[in-house]
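Got your viewer open? Load the model, switch on the cartoon and keep the selection box handy for the stops below.

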Amino acid sequence: MGLFNRSAVFASVLVSLGLCAGTHASNNDSAYLVQYKHGQLSQNVLGSLKVIGQSGEKIIAQGVLSHQQVSEIIHIDGVSIEADYGLSLSSNSLDYYKATSNSLDVLAYSELEPYWLRATSISKLPSASNDISVCVIDSGVDSSHPDLPANIHGYHSVYAGFWDQDALSHGTHMAGIIAAQNNGIGVKGALSEGGASLQVHKLIKTANGRNSAIWGGNLIEAIEVCANSGAKVINMSLSGEQFSPMTMSVIDRLAYDRGLIFVAAAGNHGSREKKLQGQYNDALHYPASYHNVLSIGALETDGNIAAFSPTNPNIDFVAPGSKILSTANRSHYAVQDVVIQHSGGISDALKYTQIDVGLSSYSMQTSLPQQCVYTLTAEDVQQQMTERTLSYQTRQNLSSAQSSCVAEGGKVLLINYPQHPNGRLRGIDYYTEFPTLLVHQWPVVTDSANMSVAIRSYHSDYVVGAGTSQATAIISGGIARLWSQNPNWDRAQIINALRSTSHDLGAAGKDSVYGHGLPNFAEALAYLQSGKTPACPMQWYHNKSYEGGEQVTYQGKIYSAHYWNKGASPILAPNMWHEQGECDTNNQSQSTPDDGGYSILDFSGLEDENSAYSCKGLSLMCGG
């Protein structure tokens, strides 16, 4: 997990971290994804791998390999290997705020219909009449939250722990947007009425402590489990910069063979400055930018693109992504700010990262015994920076420091560390439930005998969020409710209906800012029920097989396949395709500021309050 801010989403290739229980990588080992067939790899290599997926005869595995093992693999024909990669939950997705008049406490006895239900016309859809299961690949979910449906199940793992223990509040927030119930309290979700079925696959154990890195291999495994458990819509409110051929191939296979719809956050790395300069070329983030994933951007409440929402040619749709109220992990306390007093009354606000899991970090003002300040060594910092881990001895030292702190009456452990040329630590490889903060710049303290600390924390059943994460969950929930009206519709029909009926908010047709625009789910339902078909078939794609007679769009023209083929474009293999004429792409009406594309983006009630976003609560790095 990185330092989160609205102008960037940090994602890096994390290496030298053991992926299986009891596995510790040496300095020369790294994490990899390997694709192979039975009989191609030696037992020496197989012993270091964990199978996470399979496509026909090809197996995808994840593991920590030595240079010698890698050298052995790369010389085997037909075997593919790539560095396992890192992702992050789309940053800034939860910004805790305090309303100016109404309090979130009113949701204990009243219910809010969020503005985005009207903005997308999801509220005009009939209740979900058939079960279309949505898989939420995220940080876990507080499954017993009274506003969430009863039909939630998930999958535990050694790495991430129990799925029903949310590592922060991100997963619970997404689950509420998708399926918070119409029950007289809290907030409504897209599947608030009728059947709502959620699967949860948890990827991290903590936000910034032990097992907080999101590995690409774990994402592949989660996708496979979701598909094999019957999910039809997969929500991925996470992103990273690295393109992974293996992840793409898994998504392609499940999209075509199982008919799954993948929805992912485009990232929060857009900038207002670039938009004002007319530059719409933000970096592609994945998995959103894979061909068979819907890449979702975010709108402000006035219908304009959000400053943080990235722009690029792979954006498919946009949805509201500002002032989104949803459920939160009820057992989670997110520290908002920390101030220490020392040296005769001097006060210093600290820049910090919350390491603990948020179970005991209540708001407090308490003494800070010297035993409650622990300093990492330069060697500790170097190891955490390069290997993303701490030694066993250092973890034991931290545990001992916690015990000494408690023995002296302390209620929070502050971890200090020497500065490093590569910047500050983003977290440490340490698990604790005791309030523990990593301090990034320790103040000059001349009298450490009489220190005190004041901590302010946020804790609620609900939270207001902003980001493409929220927009993604809105689209996932809307698709599930739309699809539930007729499970016999296939993924292509659903996607075509959304493309054909969305509010075209930007330049005419698909653009790099709004994609196809803001979905109008009620119009999409009417489109599907009428039996309409799009003027242009789906674009030709190199990783899809085509049957004889199947149509595609390629370079503005429509082609029909003569017979089965895969990877043969109509231009490079004209004998396999028959040209049928030009494709008319101007079948989508342009929205104006006077019609529904903008005017329905009004909101009322609690969300109308003026709010001051005080903390990037999701990242647990408030003040950092």
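Start by selecting Cys-536 and Cys-583: a disulfide joins them, S to S 1.6 Å, where a disulfide means a pair of cysteine sulfur atoms within 2.5 Å. Cys-536 sits in the loop between α12 and β28, and Cys-583 in the loop between β32 (577-582) and α13 (596-599), 47 residues apart. Helices (H or I, at least four residues) and strands (E, at least two) are DSSP runs, numbered from the N terminus. Both cysteines, Cys-536 and Cys-583, are buried; buried means under 20% relative accessible area, exposed over 50%, and partly exposed in between (1.4 Å probe, protein chains only).

A word on the model: it is predicted, with local features needing pLDDT of at least 70 and side-chain atom pairs counting only at pLDDT 80 or more, while totals for chains, interfaces and linings use all residues. Residues are numbered from 1 along each chain as its sequence is written, and side-chain values use heavy atoms, with hydrogens and water left out.

Back to the sulfurs: the whole structure has three disulfides. Pick Cys-135 and Cys-226 next, with sulfur atoms 2.0 Å apart. The torsion about their S-S bond is about -45°, so this disulfide is left-handed. Cys-135 belongs to strand β8 (residues 134-138) and Cys-226 to helix α5 (residues 216-228), 91 residues apart. Then jump to Cys-372 and Cys-405, a disulfide with sulfur atoms 2.0 Å apart. Here the S-S angle is 95° and the link is right-handed. Cys-372 is in the loop between β22 and β23 (373-375) and Cys-405 in helix α9 (residues 392-407), so the pair ties together parts 33 residues apart in sequence.

Now highlight 539-577, which an unreviewed UniProt entry annotates as "domain: Chitin-binding type-3"; such annotations may be inferred rather than shown by experiment. This stretch is 0% helix and 36% strand, with its end C-alpha atoms 14 Å apart. Show Trp-540 and Tyr-554 as sticks: they make an edge-to-face aromatic pair, 5.6 Å centre to centre with 90° between the planes. Rings of Phe, Tyr and Trp (its six-membered ring) pair if their centres lie within 6.5 Å; planes under 30 degrees apart count as stacked, over 60 as edge-to-face and the rest as tilted. Trp-540 and Tyr-554 are both buried. Add Lys-544 and Tyr-256 to the view: the charged end of Lys-544 sits over the Tyr-256 ring, 5.3 Å from its centre. That label needs NZ of Lys or CZ of Arg within 6 Å of the ring centre and within 35 degrees of the ring normal.

Next stop, a sheet. Four strands form an open one in the order β20-β19-β26-β22, with antiparallel pairing; two strands pair if DSSP finds at least two bridges between them. Which strands stand at the edges? β20 (346-349) and β22 (364-367) do, each with a single partner strand, so one side of each lacks a neighbour in the sheet. Zoom in on β22 and β26 (residues 452-458), which four bridges join. Met-364 has Ile-455 as its bridge partner in β26.

Swing over to Tyr-333 and Tyr-362, one of seven aromatic pairs in the structure. Their ring centres are 4.7 Å apart and the planes at 75°, so the pair is edge-to-face. Tyr-333 is buried at 18% relative accessible area, whereas Tyr-362 is partly exposed at 41%.

Finish with helix α4 (residues 170-179): ten of its ten residues are buried, so the helix is largely enclosed by the rest of the structure.
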